[in-house]
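Reader: I have the model open next to the sequence. Can we go through the contacts?

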Amino acid sequence: MFTGIIQAVGEVTSVCSIDTQCNTGLTLGISAGTLDLSDVKQGDSIAVNGVCLTVTALSAGVFTVDVSQETLNCTQGLDQAGSRVNLEKALRLSDRLGGHLVSGHVDATGIVVKCVPAGESYELIVRAPEPLMRYITPKGSITVNGVSLTVNKIEGNEFSVNLIPHTLAMTNLKELKPEARVNLETDMLARYVARLLNIQGNAD
């Protein structure tokens, strides 16, 4: 479990194929940047661009993870060496919840429509897949590339969020261009409520 408060921006330093009888995908080497790995051990979880991944090895500021083909099919930013990625270590039960509860299970990718200055901040507009829109609401939470953000407004299948200077400084969102793909995770509470209402509606 995560909060969507990014702790560092790292870089994918190596990408190697996994192709065995029981597993296909990639093994990634990720430079942790300023992320403190002193309390991280093999088997721990780290969110990489919003994707919960398991650490398989650690060495001198670099950790490795395996990514399944299914995860690669549902996400972006994990298959290119040189990609800068948002990093967050898993939440402790005693930690402050500064963002919102984030599972690290990406729902889908969205498309950046525009990212333009709005005073000292930036307005980011993202086009989301139509099925996700039922879980996105004004003033609700959304995770974009692992970053916890508040939805400002919705028009059709597009939503906008505000990126304050601190968010721009601490994440890779400042690098987004129109047509870029981003990982989206909707608020898990919204998903459960929608599921419950759907079950009740079918029962009626």
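Reader: Charged pairs to start with. How many salt bridges does a search of the whole structure find?

Author: Five salt bridges turn up in the whole structure, where a salt bridge is a side-chain nitrogen of Lys or Arg within 4 Å of a carboxyl oxygen of Asp or Glu. Before the details, note that this is a predicted model, in which local features need pLDDT of at least 70, side-chain atom pairs count only at pLDDT 80 or more, and totals for chains, interfaces and linings use all residues. Residues are numbered from 1 along each chain as its sequence is written, and side-chain values use heavy atoms, with hydrogens and water left out.

Reader: Fine. Which residue forms a salt bridge with D39?

Author: R92 does, with the closest N and O atoms 2.6 Å apart. The two sit in distant parts of the chain, 53 residues apart: D39 is in the loop between β2 (24–31) and β3 (45–48), and R92 is in the loop between β6 (84–89) and β7 (108–118). Strands here are DSSP runs of E with at least two residues, helices are runs of H or I with at least four, and both are numbered from the N terminus.

Reader: Are D39 and R92 buried or exposed?

Author: In between. D39 counts as partly exposed because its relative accessibility is 37%, and R92 also counts as partly exposed, at 47%. The cut-offs are under 20% relative accessible area for buried and over 50% for exposed, with partly exposed in between, using a 1.4 Å probe and protein chains only.

Reader: Which other pairs are there?

Author: One is D44 with K41, where the closest N and O atoms are 3.3 Å apart. K41 is exposed because its relative accessible area is 52%. Another is R127 with E158, at 3.5 Å from N to O. That pair also links distant parts of the chain, 31 residues apart, with R127 in strand β8 (residues 121–127) and E158 in strand β11. R127 has 32% relative accessibility, so it counts as partly exposed, and E158 is partly exposed too, at 22%.

Reader: Which residues do salt bridges with shared partners join into one network?

Author: D39, K89 and R92.

Reader: K89 is new. Where else does that one come up?

Author: At Q7. The backbone nitrogen of K89 lies 2.7 Å from a polar atom of the Q7 side chain. This is a polar contact, meaning a pair of N or O atoms within 3.5 Å; within protein, one must be able to donate a hydrogen and the other to accept it, and residues adjacent in sequence count only if both atoms are side-chain atoms.

Reader: And what is Q7 in contact with, beyond its sequence neighbours?

Author: Leaving aside neighbours within four places in sequence, Q7 is in contact with T34, L35, L87, E88 and K89, contact meaning heavy atoms within 4.5 Å. Q7 lies in the segment before β1 (8–19). From Q7 to T34 the C-alpha distance is 8.1 Å, with their positions 27 residues apart in sequence.

Reader: Switching to the fold. In what order do the barrel strands close?

Author: The order is β7-β8-β11-β10-β9-β12, six strands with antiparallel pairing. Two strands pair if DSSP finds at least two bridges between them. β7 and strand β12 (residues 181–186) pair over four bridges, in the antiparallel sense. T109 stands opposite N183 in β12.

Reader: What about the nonpolar core?

Author: The largest has 23 residues, and those touching the most other members are L124, I142, V144, L149, F159, L163 and L184. A nonpolar core is a set of buried Ala, Val, Leu, Ile, Met, Phe, Trp, Tyr and Cys residues joined through side-chain atoms within 4.5 Å. β7, β8, β9 (141–144), β10 (147–155), β11 and β12 each supply at least two of its residues. There is a second, separate core of 22 residues, including A8, V12, L28 and V48.

Reader: Polar residues now. Why does S160 count as buried?

Author: Because its relative accessibility is 2%. S160 is in strand β11 (residues 158–163). Among its contacts, leaving aside neighbours within four places in sequence, are E123, L124, I125 and T150.

Reader: And T171?

Author: T171 is buried as well, since its relative accessible area is 3%. T171 lies in the loop between α2 (165–170) and β12. A polar atom of the T171 side chain lies 2.8 Å from the backbone oxygen of T167.
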